[in-house]
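Colleague: I've got a few minutes before my next gel. Can you walk me through this one?

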Amino acid sequence: MLLRYTQRIPRVLRVPQRWSRRSYRALAIESSCDDSCVALLETSDDSLITVLDHCKSTLSSSDVGGIIPTEAHAFHQFRLANLVQEFLAKNEIDSTNPPDVIFCTRGPGLVGSLAAGLQLAKGLSIAWGKPLLGVHHMLGHIMMAVHDSNSLEFPFLSLLASGGHTMLVLLRSAIDHEIIIDTMDVAVGVSLDKCGRELGIKGNMIAKELDLFVQNLSPEEKSSFDKWDISKRRNNPFGFQLQLPLKRPDLPLVPDNIQFAFAGFQSSLQHIRKVKGETLEDDNNPDKRFIAYRLQELVLDHIIDRINVSFKKHGTNTEAYATCDSKFSEIKDLVVSGGVAANSRLREKLNSELKSEKFIGHELNIHLPDIALCTDNAVMIGIAGIEFLNASKLVNNLSILPIPKWPLNDILNVDGYTPSTLK
Ligand code: ZN
């Protein structure tokens, strides 16, 4: 038995008994964006998922300032088959010793990137005569975070915060999801990337670099920045104006459809860029330091604010909100996942500023996965594939196409499913 792993993903993940009853080996492939990833997992009767091995190769986009979809497609075509070939040889996987099932990210993501992985997975499925299951990428992020936690059971809430999505989801099982808050425009990761670029922040992952830039400001400097009012340009010496989205007096405090809105942050930063120009390239410029800090604070405050509104609406405290519907009354856990879940300040705010006790009557356990688990990898696709397969008893036929936009609550509402014969 091969027992090896790389990076910091734990090899053995404890799974509650009711989630895993079958024993099989699974090959998982992830290629939804700019990471070519492959993993081999085993699930056993004693309720453990074992990560036998995994590896990944990432396209570097730092010199072009962001991911270009056609470049990512070309990268996967160039890299993925070689990566999988090396991985299979290393793990002695071939037609005489195949895995029992192949999981591959079907969506959401960049269509060319998804297609590259899916075509390869279909080829392996035909060659080995083994079933294929297209896995939802965001379910992967959630399940990776779930398995990094102890003692977590359905139902629970998950905050997905990445470059592709920002949503709060209520999960009743691995196949039953309700989106509580979605974004009305762009994802938080995209917004932070674009804002960071306007501020002259450089790197392969600009949102992460922005977080690091802000982390490096001294506590004294941050508290001196905190004292300024940014609701009006003239109220601070930096000429910066920004307000929490969707908090205007003409809007209901608890809307029927609670949403996130991040595009406004970018427009504000584009305006600032026009005014301040090249001076923002200088990291020592107080304007840049102030704006980077207050911008990131407000973007994250917006996430916390909308989640608190959802607690009010779906909580149990009729004194706080007369028509609350108690939808969250059984919720004890909030699992945070996606690339932005690695943001250090978001972690602090989630731990200190959520008002679950006030609106739901009890504190929520906040599960923040190891930062190394927040980025894309194939282990998460393997875990989500196992959970989905165990709950649904479904795999896919070979006609399935990538689904670039795939709402999590439509996970079963797509074509190509067929009953699994996996024993
Ligand atoms: Zn992702």
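Modeller: Sure, and one term before we start: two strands count as paired if DSSP finds at least two bridges between them. Also keep in mind that this is a predicted model.

Colleague: Then let's use that term. How many bridges join strand 5 to strand 6, and do they run parallel or antiparallel?

Modeller: Pairing needs at least two bridges. Strand 5 and strand 6 (residues 132-136) meet that, and they run parallel. Thr105, for instance, stands opposite Val135 in strand 6. The bridges joining strand 5 to strand 6 number five.

Colleague: Which residue in strand 5 does Leu27 stand opposite?

Modeller: That takes us to strand 2 (residues 24-30), which is joined to strand 5 by four bridges and runs parallel to it. Strand 5 (residues 101-107) is mostly covered, with seven of its seven residues buried. The residue in strand 5 opposite Leu27 is Ile102.

Colleague: What handedness does the β-α-β unit of strand 5, helix 2 and strand 6 have?

Modeller: The path goes from strand 5 over helix 2 (residues 111-128) to strand 6. In the loop between strand 5 and helix 2 you'll find Pro108, joined to Gly107 by a cis peptide bond with omega about -15°. The β-α-β unit itself is right-handed.

Colleague: On to the metal. Which residues coordinate the zinc ion?

Modeller: Along the chain, the donors follow the spacing H-x3-H-x234-D. Both histidines use NE2 and the aspartate uses OD, at 2.1 Å. The residues are His137, His141 and Asp376.

Colleague: Why are His137 and His141 separated by about one helical turn?

Modeller: Both sit in helix 3 (residues 137-147), and both are buried. The separation is about one turn because the two histidines are four residues apart in helix 3.

Colleague: Is helix 3 largely enclosed or largely open?

Modeller: A residue counts as buried under 20% relative accessible area. By that cut-off the buried residues of helix 3 include Met138, Leu139 and Gly140. The tally is 11 of the 11 residues, so helix 3 is largely enclosed by the rest of the structure.

Colleague: There's a sheet next to that helix, I think. In what order do the six strands of the open sheet come?

Modeller: The pairing in this sheet is mixed. Its edge strands are strand 10 (259-260) and strand 12 (365-367), each pairing on one side only. Helix 3 packs on the sheet, touching strands 7, 8, 9 and 11, and its direction makes about 120° with that of strand 11. The order is 10-9-8-7-11-12.

Colleague: What is the bridge partner of Val335 in strand 12?

Modeller: Strand 11 (residues 333-337) and strand 12 are joined by three bridges and run parallel. In strand 12, the partner of Val335 is His367.

Colleague: Now the helices. Are helix 7 and helix 8 roughly parallel or roughly antiparallel?

Modeller: Helix 7 (residues 263-276) and helix 8 (residues 286-314) pack with their axes 12 Å apart, at an angle of about 170°. Angles over 145 degrees count as roughly antiparallel, so helix 7 and helix 8 are roughly antiparallel. Among the residues making the contact are Phe265 and Leu269 of helix 7 and Ile291 and Leu295 of helix 8. The orientation, then, is roughly antiparallel.

Colleague: And helix 6 against helix 8: at roughly what angle do the axes cross?

Modeller: The axes of helix 6 (residues 219-226) and helix 8 come within 10 Å. The crossing makes helix 6 roughly perpendicular to helix 8. Phe225 of helix 6 and Tyr293 of helix 8 are among the residues in contact. The angle is roughly 80°.

Colleague: Is His76 buried or exposed?

Modeller: His76 lies in helix 1 (residues 69-90). The residues His76 touches include Cys33, Asp34 and Ser113. With a relative accessible area of 1%, under the 20% cut-off, His76 is buried.

Colleague: Last one: is Glu92 buried or exposed?

Modeller: Glu92 is found in the loop between helix 1 and strand 5. Its phi is near 55°, a positive value in a residue other than glycine. Exposed means over 50% relative accessible area, so at 56% Glu92 counts as exposed.

Definitions and conventions: Residues are numbered from 1 along each chain as its sequence is written. This is a predicted model: local features need pLDDT of at least 70, side-chain atom pairs count only at pLDDT 80 or more; totals for chains, interfaces and linings use all residues. Side-chain values use heavy atoms; hydrogens and water are left out. Donors are N, O and S atoms within 2.8 Å of the metal (3.2 Å for Na, K and Ca); water is not among the atoms, so sites may look incomplete. Buried means under 20% relative accessible area, exposed over 50%, partly exposed in between (1.4 Å probe, protein chains only). Contact means heavy atoms within 4.5 Å. A crossover is right-handed if, with the strands pointing away from the viewer, the path from the first strand over the helix to the second runs clockwise. Axes are lines fitted to C-alpha atoms, for helices over the stretch in contact, and angles run from 0 to 180 degrees between N-to-C directions. Angles under 35 degrees count as roughly parallel, over 145 as roughly antiparallel, 65 to 115 as roughly perpendicular and the rest as oblique. Lists of a residue's contacts leave out its neighbours within four places in sequence.
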